Amino acid sequence: MVTDIQVSIFSATSKTVILRWTKYPGAASYKITVAFKSSPSNPIAFTTFGPNIVMGSISSLSQDMLYIFTVEALDASEATLSSASTETSTAPDMMDPITTVKPKDSRTLMAEFTLKSGATHYIIRVQNTNGFFREDKVLTSPAQIKFLTPYTEYSLSIMAENNMGRSQPSAPVTAKTVLPPPQLSTSSPSNDSIVVSWRPVANAVQYTLSIYKFGFNDQVSHNTTNTNLTIPGLDAGSIYVIKGFAWDPEGRKGEGSLYTNQTTRPPTPSSVNVSVVVNNNVAGLSVSWELDTNVDGPIEYHVMSDQNITCNTTSSSCTLPAVGCGEVHTIHVIASNDAGPSHPSNSVTFITFPCPPESLVLVEPSEGNCTLTWNTVPYADSYAAFIKKGDGSEETCNTTHNNCTYHCQCGYTYLMSVLAVNSAGGSPEGEVLNHTTVPCCPEAVSVSVVSTDTLEIMWAASRGAELYETRAADSSEVILCNDTAPVCALSDLSCDSTYSVVVTPCNEISGCNRACKAHTKDTAPCMPTNLLLDQRNSSISVSWTANNRNATYTVSADGDHSKHTCTTTGNSCDITELPCGSTYEFSVIATSTAGQSLPSYSASLETEPCCPVNLTVDQVTQAMTNVSWSHSKGAHSFITSLMSPRGYARCHTQDSHCLMGCITCGTNYTVTMEAFSHSGSVSNCTYQGFSSSACCPSGIRLYRMAENSLRVYWRSTSSSHSSIAEMVGSSNNYTCTASPGENSCDVDNIQCGDVYHVMVSPLTPEGSKVLFCPQRLYSVTCSGSNVGTVIYRGKRSVD
């Protein structure tokens with residue numbers, strides 16, 4: 001498949017356009033036709049090319065006009081095989097030469113030219129004789145030509161350009177760049193001058209520097225052929241703005257340097273003043289001076305002492321830290337800014353506060369007067385002594401000497417310190433002397449007897465006393481007591497003696513006050529000794545040994561429920577009418593105006609025990625009785641006796657009853673008792689007589705009688721008692737009675753076929769039977785319906 005011919009613009013100038021096309025098969029020639037775009041059907045020119053040509057030009061065109069170009073492929077008969085069209089504008093025409101070239105700085109030229117219609121931009125061609133060549137694209141006039149070499153001559157031409165191409169270069173013009181700026185370096189050697197220096201600028205024949213004070217419009221210029229310049233007569237601490245430029249041999253002014261700011265050194269501080277300040281208990285020297293308000297920029301001040309102490313600040317004062325007492329400082333102040341330091345201020349000599357006095361000593365030449373002394377110290381004008389009493393009050397003594405006298409009281413602690421003073425102030429706190437005066441003597445002293453050998457001493461607490469020494473002395477001994485409380489008990493004192501008692505207050509610091517007065521006190525009487533008791537019937541005689549000067553004696557007999565006393569000034573006394581069965585403790589107490597003695601050692605005595613009020617004898621068996629009695633006060637054990645002509649019975653016990661055997665039945669007994677106390681004293685007691693019960697019958701027999709009757713027979717032991725016979729069976733009981741002197745009785749209608757318990761007992765006159773007679777066991781058999789054989793089965797005691 002054959003493709004249509006393709007055409008494109010290769011290049012264009014203001015008069016000529018070069019086209020390029022593709023080769024078409026079978027083409028014998030190629031024809032280019034041109035017409036204005038506004039009249040495409042009216043060709044204004046044409047040209048033809050051979051079959052092997054694919055690029056061709058068409059000339060004699062007008063500048064900056066829009067054309068349409070048609071390329072046709074023709075066969076041998078010049079018939080059109082294929083065609084294609086394109087359009088373009090011609091380039092601008094050659095421009096006029098650059099009208100004006102001026103140097104802007106040492107590396108830039110400013111070019112002015114006439115603008116060309118149809119041009120979209122411009123090309124400025126820059127070259128020199130050293131082989132430099134450069135084309136700069138610019139958009140409008142004037143245009144800057146940058147990055148050139150200072151003080152160099154250049155040739156400049158200009159071309160207009162649009163999208164189709166550029167015009168021919170214009171006729172060239174020449175221009176020369178100016179000298180570069182000097183690189184300024186500034187400093188301020190003093191507070192009224194500035195030194196400016198720079199490196200030499202090649203080809204420069206002269207330099208000009210201009211200077212003005214910041215904030216002011218007055219500018220001063222200085223010319224020189226040197227590379228440095230000192231500018232005098234300036235204001236201290238002020239900012240000056242400096243600029244410089246070089247002149248070339250042609251008399252042209254070179255590029256100006258950048259503005260350089262330089263501050264002159266600050267003015268010298270004046271009116272320096274020094275004082276002492278204290279911060280956190282550390283003293284320093286506050287140094288101040290006057291500030292010059294007409295200076296520029298920050299200024300730092302350096303304060304220096306010849307004692308190697310410094311401080312820095314940006315304000316009008318500064319504190320030299322940690323100064324000591326009694327120091328002499330020579331001080332000066334220097335101001336500094338970026339330019340350097342000022343001249344030092346006038347030196348100020350300052351003496352710090354004096355050191356505190358040492359070797360404080362207190363003397364008390366007389367009671368109540370104290371003198372405080374100390375060593376003098378250098379640089380002190382006067383002294384202030386502070387005396388602070390323990391109650392919070394304070395006294396001040398101002399003097400130019402080294403001692404002070406003040407009134408001091410007993411029992412106080414005084415804290416004393418001394419300050420040395422000069423114009424700089426007072427010395428630091430120094431030695432504090434702690435002095436405690438002797439404690440005051442106690443008041444309201446009372447001495448009392450609290451026991452036979454003990455005195456209790458009480459007093460009001462005295463000021464300043466930490467310890468009290470209490471001393472009691474008689475003719476033979478001294479007793480001491482030390483305590484912190486305002487009370488003391490002195491014990492183990494001699495009885496019936498007179499003591500001198502002194503309370504001496506003391507403290508650890510000042511010692512004891514030995515000037516306190518004494519108090520006298522008698523102790524209680526001595527205890528009676530060698531107590532003796534002599535019992536005389538119901539009276540007790542008590543005697544003892546007495547060794548007191550003047551005493552009354554009281555004898556006490558303390559019993560269970562009673563107390564008996566007697567009083568005397570001698571050494572014996574009788575106590576009477578003591579009850580039976582009691583134990584008494586006997587003691588003696590001596591009494592005087594000083595108090596009571598201890599009771600003597602006690603002696604015990606028991607009175608005879610009391611007899612029991614009631615005694616009862618009960619017969620338990622025919623040969624045994626139970627004797628019992630009521631309480632016996634004071635009795636510890638008893639011997640009870642039953643006596644008769646036929647014999648006796650006796651028992652010894654601590655209980656209130658006892659059993660007695662060997663009792664003869666039917667016998668009258670006398671009853672006696674001996675009551676014993678713990679100590680063995682005895683009372684004999686007699687009671688109403690006792691008669692034992694009648695004797696029980698013996699030889700009991702049972703005989704069968706007529707008509708179902710039985711006879712009970714026994715051997716009688718007494719003819720003065722009636723008797724009763726009892727038969728007890730499993731279902732029937734039978735009794736019969738015999739009169740005194742009889743020894744049998746009959747029982748009728750006996751039920752046979754049973755076993756019977758048979759007992760015969762004597763009867764008392766009151767009709768009661770003796771309960772402890774023995775029983776016999778009989779079986780009564782039946783013979784038909786009648787009583788049969790009576791069989792003895794044995795004896796049985798009473799249950």
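Modeller: Before we begin, Ala, Val, Leu, Ile, Met, Phe, Trp, Tyr, Cys and Pro count here as nonpolar, Asp, Glu, Lys and Arg as charged, and the others, Gly among them, as polar. This is a predicted model, in which local features need pLDDT of at least 70 and side-chain atom pairs count only at pLDDT 80 or more, while totals for chains, interfaces and linings use all residues. Residues are numbered from 1 along each chain as its sequence is written, and side-chain values use heavy atoms, with hydrogens and water left out.

Colleague: How do the residues of the lining of the largest cavity divide into nonpolar, polar and charged?

Modeller: A cavity is a set of points, on a 1 Å grid over the protein atoms alone, where a 1.4 Å probe fits but cannot get out, and lining residues have an atom within 4 Å of a point. Among the residues that line the largest cavity are Ala694, Cys695, Ser716 and His721. The lining divides into four nonpolar, five polar and no charged residues.

Colleague: Which residue in E20 is the bridge partner of Val196?

Modeller: Strands are DSSP runs (E, at least two residues), numbered from the N terminus, and two of them pair if DSSP finds at least two bridges between them. Strand E17, residues 193-198, pairs with E20 in the antiparallel sense over four bridges. Within E20, the bridge partner of Val196 is Leu229.

Colleague: What is the order of the strands in the open sheet of three strands?

Modeller: The edge strands, each pairing on one side only, are E16 (184-190) and E20 (228-231). With antiparallel pairing, the order is E16-E17-E20.

Conventions: 1 Å grid on protein atoms, 1.4 Å probe; cavity = no way out; pocket = protein on both sides within 12 Å on 5 of 7 lines; lining within 4 Å.
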